[in-house]
Structure formats: C-alpha cells, structure tokens
Amino acid sequence: MSRRTRFWWCVIDRIKRRLTRFACLRKANMPGWEELEWIRAGEIFQGPELEIPNRPGAYAVRCSSKGTPIPIARVFRRDTSGILFFGSTAIEAEGLRGRLKAFWRAVNGMAAPHAEGQRYHQAEYDNRGFPQNALEIGWREFDAPPDAVAQELAWFDEYFCLFGELPPLNRRRG
C-alpha cells in the first residue's frame, strides 16, 4: 500500500470515528424525521387551514413527488428522505403555527423572519427541481421549548452522521 493510500485510509478512519461520536449524541426518546406525519405545505396554507398547534415544536421540510421524497445528493450519500431543512420554535408566543406561516410567506417572496424560507426563494429552489407545490412539512410538538430545541439538534446530529453535512437550506446547526 502506498504512502498516499495509507494517508487517505487514516483520514477516512478519523472521520468515521468522529461520526460515531455524533451518533452517540442522539437521544433514544427522540424519533427521527422519517417518523413524522408529512403534510403538503400547500394544503396547510392555501386551502382551509389545518390546525397547526400554537405550541413549541420542532419541524422539518422536505420535497416529494406524489408522496415519494425527491432524493438530494449529499457528501456521503444520497438523502432519499428529501430533507431541505430542520427548524424549531422555542418561543411559546409564536408557536409552530406562527413559525410555519413565516416560512410559507418567505417562500412566496413576502417579507418574513424565516431565513430558510428566504433562502429557498432567493436561490430559486422552485426552478431547480424542488417546486413549491411539492414541499411537505412534518412537525412534533412539545410542552417545553428546550425539548423542541433538543429535538432539532438531535435531527441535525443524525443528518450529519448520515450525510456528512447539514440539510441544504440550513446554514448552521441550531
């Protein structure tokens, strides 16, 4: 084995060890995003409004076509769950309802305090294979804001372990 090959095997081994450390951070009582009930965003905000809880919570947004997530190429492998970003709301007054409404307004180009929604609109994800009418939202509500933030962080850690980077619209963890 050449010196260069040994070097790269050592680098890969170190990455694997670090990722194993991240996997240990996942709490057993925090389910993955695959277990969420996914609802098409357009059904939530364009038709008769579904009841979105006004409580703290963690949420994920993905893109799917006819109920099948659209795969996204990532560093380590393809994300077959189609996750675009994770978020949470720890502000009880805003709740999931307010946060998700802000996301939808930002996606549609309206002024709204939601960075990932603004990024989706500005980078024209709608024209790049992730159409607005294919966005789905899943959430999990909590009684206490710290639990919502802990869920979001657990999803970030799990995603990073699997794919080697954060979801496309997230710029930072948390």
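Q: A salt bridge is a side-chain nitrogen of Lys or Arg within 4 Å of a carboxyl oxygen of Asp or Glu. In this predicted model, what is the N to O distance in the salt bridge of Glu-165 and Arg-74?
A: The side chains of Glu-165 and Arg-74 meet in a salt bridge, with N to O at 3.3 Å. The pair links distant parts of the chain, with Glu-165 in the segment after α5 and Arg-74 in the loop between β4 and β5, 91 residues apart. Back to the distance: the cut-off is within 4 Å, and the N to O value here is 3.3 Å.

Q: Is Arg-74 buried or exposed?
A: Its partner Glu-165 is partly exposed, at a relative accessible area of 24%. Buried means under 20%. Arg-74 has a relative accessible area of 15%, so Arg-74 counts as buried.

Q: How many residues apart in sequence are the parts that Glu-141 and Arg-55 tie together?
A: Glu-141 forms a salt bridge with Arg-55, and their closest N and O atoms are 2.8 Å apart. Glu-141 sits in strand β7 and Arg-55 in the loop between α2 and β2, so the parts they tie together are separated in sequence by 86 residues.

Q: Which residue forms a salt bridge with Arg-55 at 2.2 Å?
A: Arg-55 is partly exposed, at 31% relative accessibility. The partner we're after lies in the loop between β7 and α5, so the pair ties together parts 88 residues apart in sequence. This partner is exposed, with a relative accessible area of 68%. With closest N and O atoms 2.2 Å apart, the residue is Asp-143.

Q: What kind of aromatic pair do Phe-86 and Tyr-159 make?
A: Their ring centres are 5.9 Å apart, and the planes sit at 80 degrees. Planes over 60 degrees apart count as edge-to-face. That angle is why the pair of Phe-86 and Tyr-159 is edge-to-face.

Q: Where in the chain does Tyr-159 lie?
A: Phe-86 is in strand β6, and its pair with Tyr-159 links distant parts of the chain, 73 residues apart. Tyr-159 is buried, with a relative accessible area of 0%. The place of Tyr-159 is helix α5.

Q: About how many helical turns separate Tyr-159 and Phe-163?
A: Tyr-159 and Phe-163 are both buried. An α-helix has 3.6 residues a turn, so residues three or four places apart point the same way. Tyr-159 and Phe-163 are four residues apart in helix α5, so the separation is about one helical turn.

Q: What are the end C-alpha atoms of helix α3 apart by?
A: Helix α3 covers residues 95-107, 13 residues in total. At 1.5 Å a residue, helix α3 should span 18 Å. The computed end-to-end C-alpha separation agrees with that, at 19 Å.

Q: Which residue with a positive phi follows α3?
A: Among the buried residues of α3 are Leu-96, Leu-100, Phe-103 and Val-107. The buried residues of α3 pack against α2, β2, β6, α4 and β7. With phi near 85 degrees, the residue that follows α3 is Gly-109.

Q: What is the phi of Lys-66 near?
A: Lys-66 is in the loop between β2 and β3. At 82% relative accessibility, against a cut-off of over 50%, Lys-66 counts as exposed. Its phi is positive, in a residue other than glycine, and is near 55 degrees.

Notes:
Residues are numbered from 1 along each chain as its sequence is written. This is a predicted model: local features need pLDDT of at least 70, side-chain atom pairs count only at pLDDT 80 or more; totals for chains, interfaces and linings use all residues. Side-chain values use heavy atoms; hydrogens and water are left out. Rings of Phe, Tyr and Trp (its six-membered ring) pair if their centres lie within 6.5 Å; planes under 30 degrees apart count as stacked, over 60 as edge-to-face and the rest as tilted. Helices (H or I, at least four residues) and strands (E, at least two) are DSSP runs, numbered from the N terminus. Buried means under 20% relative accessible area, exposed over 50%, partly exposed in between (1.4 Å probe, protein chains only). The expected span of a helix is 1.5 Å times one less than its number of residues. Contact means heavy atoms within 4.5 Å.
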